[in-house]
Amino acid sequence: MTHLSPAQVYEDLQLLERVDGVRSASYRQAALEILADLTVSLDWRQAIADRLNQANHLLSWRTVDTEDSY
């Protein structure tokens, strides 16, 4: 496993809307790896989790049709 920089992962999450689907998935995977790494500070993991949650929320607004039901 490649050692990921929490700062770089945090910055990459800002780019999710501007990159292709494969790169976006890669950035999301990197974020999940950071979140699972207990050697990363809680502050970094919380910041990354917040940014990933925000990105997921925006994605849901763009992809879910108002006619869809669950």
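How far is R28 from the nearest side chain of opposite charge? The gap to E17 is 5.1 Å, and R28 is buried yet has no salt bridge. Buried here is under 20% relative accessible area, exposed over 50% (1.4 Å probe, protein chains only); a salt bridge needs a side-chain nitrogen of Lys or Arg within 4 Å of a carboxyl oxygen of Asp or Glu. Lys and Arg count as positive, Asp and Glu as negative, with His and the chain ends not counted.

This is a predicted model: local features need pLDDT of at least 70, side-chain atom pairs pLDDT 80 or more, while totals for chains, interfaces and linings use all residues. Numbering starts from 1 along each chain, and side-chain values use heavy atoms, leaving out hydrogens and water.

**View 1. R28 and its contacts.** R28 sits in helix α2, residues 21-36 (a DSSP run of H or I, at least four residues). Beyond residues up to four places away in sequence, R28 touches L16, L52, A55, N56 and L59 (heavy atoms within 4.5 Å).

**View 2. The two sides of α2.** S24, Y27, R28, A30, A31 and I34 are the buried residues of α2. They cover an arc of only 155° around the axis, so they share the same side of α2 (the arc uses directions from the helix axis to the C-beta atoms). On the other side, G21, V22 and A36 are exposed.

**View 3. R45 in α3.** Helix α3 (residues 42-63) holds R45, which is buried at 18% relative accessible area. Leaving aside neighbours within four places in sequence, R45 is in contact with I34, L35, D37, L38 and V40. A polar atom of the R45 side chain lies 3.0 Å from the backbone oxygen of V40.

Definitions and conventions: Helix = DSSP H or I, 4+ residues; strand = E, 2+ residues; numbered from the N terminus. Polar contact = N/O pair within 3.5 Å; in protein donor to acceptor, adjacent residues only side chain to side chain.
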